[in-house]
Amino acid sequence: MMQHSSNYTKASFFFHDISDSTFTAKREQSFTLQQFSYECSRKRNSRGEPYGPTLASILRFTLKSLPDGYLKEFYQRLTENTVSCFSIVSNAVFQSNGFENNVLSDYDSALVVTGQVVDIDEAYHTEDACKHPGTNGKNEVNQDLMMITVDFLLQSITYIGSNNYKKELPIHY
């Protein structure tokens, strides 16, 4: 019996290219994406018509995570100064069966981006994890959450839509 579940996360982040058939994306390998933004542009002539290659662009994204060491991958990629690949998946659905639990089975759309990590900013917060019955509304468990914002110099963006539609935008810098 197969069971499909969504974690009701609008956007999930993976350190790999989810369209690569050699990689199996699992829920525990994903991070909750809080926000992301980028802007791609080209030069325009005197009539306002775009021409030439897409200009350099920064993808800025913020992830929420427990500060447990998983995000050291960003620092490693920052110091290596090599091309990296990440995936941003919207409305991910994970399949649970008897062999591999919580495997990515479906999603609305995805962005697979390549480029280089150029800046990292961290912010720590403490949030109340839950309120236990019988404690008069007092919070007994706190979790330290980390928000990490990464600036990523884009080399390419590949949009993956429904029916495996793919469109790649190379970016020249």
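This is a short tour of the nonpolar cores and aromatic pairs in a predicted model, with a suggestion at each stop for what to select.

**Stop 1: the main core**

Start by selecting F13, F61, L63, F74 and F86. In the largest nonpolar core, which has 23 residues, these touch the most other members. Next, colour the elements that give two or more residues to this core: β2 (11-14), β3 (31-37), β6 (58-65), β7 (84-90), β10 (109-131) and β11 (139-160). Which of them gives the most? That is β11, with six residues.

Now hide that set for a moment and pick F14, A92, A110 and V112. They are among the eleven residues of another core, which lies apart from the largest one.

**Stop 2: F61 and its surroundings**

Come back to F61 and display whatever is in contact with it, leaving aside neighbours within four places in sequence. You should find F13, L33, Q35, F36, F74, F86, I148, T149, V150 and F152. Both F61 and F74 are buried, so keep a clipping plane handy while you look at them.

**Stop 3: the aromatic rings**

Show the rings throughout the model; the structure holds twelve aromatic pairs. For one of these, zoom in on F13 and F15. Their ring centres are 5.5 Å apart and their planes meet at 85°, which is over the 60 degrees needed, so this pair is edge-to-face. How accessible are the two partners? F13 is buried, with a relative accessible area of 0%, and F15 counts as buried too, at 10% relative accessibility.

Then move to F61 and F74. Here the ring centres are 5.9 Å apart and the planes are at 50°, so the pair is tilted. F61 lies in strand β6 and F74 in helix α1, so the pair ties together parts that are 13 residues apart in sequence.

To see these rings in their wider setting, select F13, F15, F31, F61, F74, F86 and F152 together: they form one aromatic cluster.

**Stop 4: L71, in a loop**

Select L71 next, which you will find in the loop between β6 and α1 (72-80). Is this loop residue buried or exposed? L71 has a relative accessible area of 4%, under the 20% cut-off, so L71 is buried. Leaving aside neighbours within four places in sequence, L71 is in contact with F15, F31, L63, S65, M146 and I148. Try a distance label between the C-alpha atoms of L71 and M146: they are separated by 9.7 Å, while the two residues are 75 residues apart along the chain.

**Stop 5: A11, in β2**

Go to A11, whose place is in strand β2. A11 counts as buried, at 13% relative accessibility. Not counting residues up to four places away in sequence, A11 touches F31, T32, L33, V89 and S90. Another label worth adding joins the C-alpha atoms of A11 and L63, which are separated by 10.0 Å, with these positions 52 residues apart along the chain.

**Stop 6: D151, in β11**

Finish with D151, which sits in strand β11. Is this aspartate buried or exposed? At 11% relative accessibility, D151 counts as buried. Which residues does D151 touch, not counting those up to four places away in sequence? Select I58, L59, R60, Q116, V117, V118 and D119 to see them.

Technical notes
Residues numbered from 1 in each chain as written. Predicted model: local features only at pLDDT ≥ 70, side-chain atom pairs only at ≥ 80, totals over all residues. Heavy atoms only, no water. Core = buried A, V, L, I, M, F, W, Y, C linked by side-chain atoms within 4.5 Å. Buried < 20%, exposed > 50% of the residue type's maximum accessible area, 1.4 Å probe, protein only. Helix = DSSP H or I, 4+ residues; strand = E, 2+ residues; numbered from the N terminus. Contact = heavy atoms within 4.5 Å. Phe/Tyr/Trp six-rings, centres within 6.5 Å; stacked < 30°, edge-to-face > 60°.
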